[in-house]
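Please look through the sequence and the model below, and then follow the description that comes after them, which goes from the sheet to the packing around it and ends at a single residue.

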Amino acid sequence: AAAAAVPVGLALSDPTTGLVHEYLTSEYDDVVLIAFGKASSSMAATAIEILDEAMPSLPISGGVVIAKDGHATETERHLLESRGVRVREASHPIPDARSERAATEAMEVAERATERTLVLCLVSGGGSALFCCPRPPLTLGDLSATNDALLGSGMDIARMNVVRKRLERGKGGGLATAAYPGTVLSLVLSDVVGDP
């Protein structure tokens with residue numbers, strides 16, 4: 001999707017459909033930023049730069065970025081943290097306790113959204129492992145065992161993600177549900193070949 005500034009907001013266009021979506025500053029009181037995946041910190045830093053230009057009067061009230069160990073640069077980390085966006089690192093491809101803590105933190109941030117909050121959700125490859133929030137009564141150990149079995153099964157990533165989304169609170173629309181009644185704008189960068 002291409003981004004452009006409109007007089008009082010942000011316009012995003014989808015080159016495959018030609019649809020343009022406008023997000024007007026007057027409709028929101030704040031922006032919350034949630035990002036997870038191997039490119040999450042660079043996506044989030046770029047999003048802040050775009051928002052600063054397109055919606056300068058709209059504050060970023062916080063957020064969480066979940067990055068793979070060592071993938072967030074010091075420059076990205078400084079920019080994000082200066083704007084109240086917490087950067088968390090976690091394990092990939094096997095989720096760890098940090099993945100669960102960071103995902104729980106992201107869900108809590110989403111749950112604070114009001115009807116006048118724009119929740120910007122940025123997802124990139126590796127997000128399935130980095131954003132790991134087990135559905136009770138499941139534990140991280142249960143998910144890790146399942147993930148190990150999935151990785152060893154030869155199953156393709158699309159099928160693995162069908163299983164994963166049923167075992168976790170944030171996947172399969174769970175994060176968007178948590179953010180209700182906020183407006184959720186998701187930008188997804190896929191590293192799965194053939195996945196638009």
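Two strands are said to pair if DSSP finds at least two bridges between them. With that in mind, this predicted model can be entered through an open sheet of five strands, whose order is β6-β5-β4-β7-β8 and whose pairing is parallel. At the edges of the sheet stand β6 and β8 (183-189), each with a single partner strand, so one side of each is left without a neighbour in the sheet. Averaged over the sheet, and with direction ignored, neighbouring strands are turned by 15° against each other.

The pairing of β5 with β6 can be followed in more detail, since these strands run parallel and are joined by six bridges. One residue to look for here is I66, which has R88 in β6 as its bridge partner. Two helices can then be placed against the sheet. Helix α1 packs on the sheet and touches β4, β5, β6, β7 and β8, and the direction of α1 makes about 145° with that of β7. Helix α2, formed by residues 74-82, also packs on the sheet, where α2 touches β5 and β6 and has a direction at about 135° to that of β6.

What fills the space between such elements is the next topic. In soluble globular proteins, nonpolar side chains tend to be buried together. The largest nonpolar core of this model has 26 residues, and the members that touch the most others are L33, M55, L120 and L122. At least two residues of this core come from each of β2 (9-13), β4 (30-36), α1 (40-54), β5 (60-68), β6 (85-90) and β7 (117-124). Among the contributors, α1 gives the most, with six residues. To see the surroundings of one member, take L33: not counting residues up to four places away in sequence, L33 touches A44, A47, I48, G62, G63, V64, V65, V85, L120 and L122. Another core lies apart from the largest one and has 22 residues, including I34, A106, V119 and F131.

The last stop is S124, whose place is in strand β7. Is S124 buried or exposed? Its relative accessible area is 5%, and because buried means under 20%, S124 counts as buried. The side chain of S124 reaches the backbone nitrogen of K38 at 3.2 Å. Leaving aside neighbours within four places in sequence, S124 is in contact with F36, G37, K38, A39, S40, M43 and L189.

Terms used:
Residues numbered from 1 in each chain as written. Predicted model: local features only at pLDDT ≥ 70, side-chain atom pairs only at ≥ 80, totals over all residues. Heavy atoms only, no water. Core = buried A, V, L, I, M, F, W, Y, C linked by side-chain atoms within 4.5 Å. Buried < 20%, exposed > 50% of the residue type's maximum accessible area, 1.4 Å probe, protein only. Helix = DSSP H or I, 4+ residues; strand = E, 2+ residues; numbered from the N terminus. Contact = heavy atoms within 4.5 Å. Axes fitted to C-alpha atoms, helices over the stretch in contact; angles between N-to-C directions. Polar contact = N/O pair within 3.5 Å; in protein donor to acceptor, adjacent residues only side chain to side chain.
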